[in-house]
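Trainee: I am new to this structure, and I would like to learn how to read its features one at a time. Could we begin with a ligand and then move on to the metal and the backbone?

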Amino acid sequence: MELTGAEIVVRCLAEEGTEFVFGYPGGAVLNIYDEVFKQNKFKHVLVRHEQAAVHAADGYARATGRTGVALVTSGPGATNAVTGIATAYMDSIPLVVISGQVPTAAIGMDAFQEVDMVGITRPCVKHNFLVKDVRDLAETIKKAFYLASTGRPGPVVVDIPKDVTQHKTEFTYPKKVTMRSYNPVIKGHPGQIKRAVQMILEAKRPMFYTGGGVVLSNAAEELTQLTRQLGFPITSTLMGLGGYPASDPLFTGMLGMHGTYEANMAMQHCDVLIAIGARFDDRVIGNPEHFFQEGRRIIHIDIDPTSIAKRVKVDVPIVGNVKDVLAEMNKLIQASKEKRDQAALKTWWTQIELWRSQDCMKYDRDSSLIKPQYVIEKLHQVTRGDAYVTSDVGQHQMWAAQYYKFDQPRRWINSGGLGTMGFGMPAAMGVQFAHPEAMVACVTGEGSIQMNIQELSTCKQFNLPLKIILLNNRYLGMVRQWQEFFYGNRYAESYMDALPDFSKLAESYGHVGMKIEKPEDVEGALKEAFDMKDRLVFMNFITDQKENVFPMIPAGKGLSEMILV
Amino acid sequence: MENEAGALSRVAGLFSARGYNIESLTVAPTEDATLSRMTIVTRGSDDVIEQITKQLNKLIDVVKVVDLSEAGHIERELMLVKVRAEGDSREEMKRMSDIFRGRIVDVTDKTYTIELTGAGYKLDAFLEALDKDAILETVRTGASGIGRGDRMLKI
Ligand SMILES: Cc1cc2nc3c(=O)[nH]c(=O)nc-3n(C[C@H](O)[C@H](O)[C@H](O)COP(=O)(O)OP(=O)(O)OC[C@H]3O[C@@H](n4cnc5c(N)ncnc54)[C@H](O)[C@@H]3O)c2cc1C
Ligand SMILES: Cc1ncc(C[n+]2csc(CCOP(=O)(O)OP(=O)(O)O)c2C)c(N)n1
Ligand SMILES: [Mg+2]
């Protein structure tokens, strides 16, 4: 039977097992929306801004590992989606974003609500398509899902002109696609894996440096097994948190610009560095010249060859899927009879413990002001470490990463690569849709939350019982911190004036608002909020205005050049 | 690469977005109409060339990438030069063109248009050899390249 393009879109999404489509209607997608209306295979979530649709799809994808789906109209709908697409791209998140386009005959005519979506998104997608013929539609959508979710994941845009959604063709959904130009490597090269294992067994001062790739490839189990059988120290990037349990003594904390003293020092001074699904980002290793260390050998496992040897030279590159490569390594290590240098490892741990004893995460616990770190510690306690935590961007993001000890993967959901303020609440919506029974907290700042505050309305419509943890310092705190350190305390445009009464604001959207001003009220308020299982609670914590994130490596400096408290 | 609309802009976009230098780029369909072949001339340290190769391979439309400069290869570029050819210089121009194995493909009483094929440096040398004022217009295709002998880029 012949179907219209719009019917085909909806059928394809159903075939892919799509549960939720986050979107916003408009002229170019009206045919598609009409089919959305008629079906019951997936649920459509009407957001209040297209950026939020993409972030919500993204949050869903990060929490589940499945591909998130967003649907937007042409022109302004499409451009509003771009920030969300770029956010997903930088963190390698699998998304399929369907955008409407003006009819094929109108393309290039400066038609109403026309933008060159394929052109605009080209630098921030894994791939994109403009479908000009309805006969290509089903296969293109199949390819989009395949590309988004395999290899190094990423967002894929499918731009569909309105006439294509009206045209009819015979519908068959391909079971499988192959593309001669796209063949991601999964298994690592056996010879390279052997060399790496040999190097690992000979190490005297080893260090595991893990990243988002561990989470993306669902390799937490393999990583935990590998680390524990060797007893090596391990650190993680912001994106890899939860890939290895943070409460485990082998875990040295996050590394990088706001990483722990012990993780950064061990990273700098190890003799064998094993990088796993991490890309030597500038926020992680600082200045590559300073990072270089004579005699240190580097093993690098990554599915994307461009991540390897991009910023630092490596000795053993392994292109492959983290999960497969680690499983292979575990096998080889278990079978190996090689005697490891336990004495050297012990000396290395003594050194690390010495660094650890600096206690770089200490803060003033006797303050009469609410310390943001304290709120996160209490959040961890009240939720028994079992919440999904999303965040926005700024100081609060770093405190959430540092003080909420993530023991499981896919629990920590934040925008690391693009650093998108406004990500937190819509992402939390996606998480809550994926896990309706779970505790979902969004740690945010008064600057960030106002970038997508309209989504409180979506939360009301769909009864999403999020817990918004606003660390309200009345400043664009991260900006203020840099101004304090590097710009002579000139706080140019970083004070957040004229803030709304957040409690009233939340209440006017039909939610519960709370304002917490004293340290002794923090724990009680959190308990009360999390006891309200079916309500969104917006918690406005009035925190110490001038608190800073420590440790800190100033931009361009090296890992051992940290500013401590 | 796949002979798809937009494939060229993905390559060009990659070079500008990542700040790679691009000296020339030529592209046309091959005997297999689903594929087109592109020759890019670029410059960079070994590390940069390695990244460029990997980044090109990562583009979904790119089927295969070969660094021709790694081994024996042939490089050819076509240039059309319109030169002043009057009075005494008319004969001189003809001679220069012959020396460089050029062909005069268009003639007026005041000008010649010379077609020249060769490696980029040969075309440069020809332009160097001419009196600057005699050059009225030049157009170059950019280099196309192919491996020597058995070396083949084939799918
Ligand atoms: C305000 C702010 C401060 C920040 N401070 C810090 C900081 O102090 N420390 C820090 O670490 N970060 C920090 N970041 C984040 C930083 O910008 C980067 O986003 C982050 O460090 C990158 O993490 P990653 O190296 O794990 O790479 P990701 O971006 O997570 O990339 C994952 C890597 O794994 C690979 N990969 C993906 N899937 C697989 C697979 N299946 N198998 C194998 N490999 C795979 C990918 O190709 C890629 O190379 C900060 C961000 C912000 C906004
Ligand atoms: C969309 C966007 N604009 C600007 C920035 C730059 N920026 C990074 S952190 C920050 C301050 C965030 O303030 P707030 O949300 O109050 O968090 P705080 O740092 O105070 O915890 C800004 C402006 C950004 N990351 N994203
Ligand atoms: Mg703030």
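Trainee: Which atom of ligand 2 does a backbone N or O atom of A:Gly419 lie 2.8 Å from?

Mentor: In this predicted model, the partner of that A:Gly419 backbone atom is a nitrogen atom of ligand 2. An oxygen atom of ligand 2 is 2.9 Å from a polar backbone atom of A:Tyr475, and a backbone N or O atom of A:Gly477 lies 2.7 Å from an oxygen atom of ligand 2.

Trainee: How many residues surround ligand 2?

Mentor: There are 17 of them, and the closest are A:Gln395, A:His396, A:Gly419, A:Ser448 and A:Gly477.

Trainee: Which residues coordinate the magnesium ion (ligand 3)?

Mentor: The magnesium ion (ligand 3) is coordinated by A:Glu446 through OE, listed twice, by A:Asn473 through OD1 and by A:Tyr475 through O, at 2.1 to 2.6 Å. In sequence, these donor residues follow the spacing E-x26-N-x1-Y. Because A:Glu446 lies in the loop between strand 17 (440–444) and helix 19 (455–461) of chain A, while A:Asn473 lies in the loop between strand 18 (467–472) and helix 20 (477–486), the pair ties together parts that are 27 residues apart in sequence. Both A:Glu446 and A:Asn473 are buried.

Trainee: Why is the arrangement around the magnesium ion (ligand 3) irregular?

Mentor: As a general guide, ideal angles for six octahedral donors are 90 or 180 degrees. Here the 6 donor atoms around the magnesium ion (ligand 3) subtend angles of 51 to 176°, and therefore the arrangement is irregular.

Trainee: What should I look for in the backbone?

Mentor: Most residues other than glycine have a negative phi, and most peptide bonds are trans. A:Asn489, although it is not a glycine, has a positive phi of about 60°, and A:Ala498, also not a glycine, has a positive phi of about 55°. A:Asn489 is placed in the loop between helix 20 and helix 21 (502–508) of chain A, and A:Ala498 lies in the loop between helix 20 and helix 21 as well. As for the peptide bonds, a cis one joins A:Phe550 and A:Pro551, with omega of about -10°, and A:Pro551 is found in the segment after strand 20 (537–542) of chain A.

Trainee: Are A:Asn489 and A:Ala498 buried, partly exposed or exposed?

Mentor: A:Asn489 counts as partly exposed because its relative accessibility is 47%, whereas A:Ala498, at 69% relative accessibility, counts as exposed.

Methods:
Residues are numbered from 1 along each chain as its sequence is written. Chains are lettered from A and ligands numbered from 1 in the order in which they are written. This is a predicted model: local features need pLDDT of at least 70, side-chain atom pairs count only at pLDDT 80 or more; totals for chains, interfaces and linings use all residues. Side-chain values use heavy atoms; hydrogens and water are left out. Donors are N, O and S atoms within 2.8 Å of the metal (3.2 Å for Na, K and Ca); water is not among the atoms, so sites may look incomplete. Four donors count as tetrahedral if all angles lie between 85 and 135 degrees; four count as square planar and six as octahedral if opposite donors are over 155 degrees apart and all others between 65 and 115; anything else is irregular. Helices (H or I, at least four residues) and strands (E, at least two) are DSSP runs, numbered from the N terminus. Buried means under 20% relative accessible area, exposed over 50%, partly exposed in between (1.4 Å probe, protein chains only). A residue is near a molecule or strand if one of its heavy atoms lies within 4 Å of it. A polar contact is a pair of N or O atoms within 3.5 Å; within protein, one must be able to donate a hydrogen and the other to accept it, and residues adjacent in sequence count only if both atoms are side-chain atoms.
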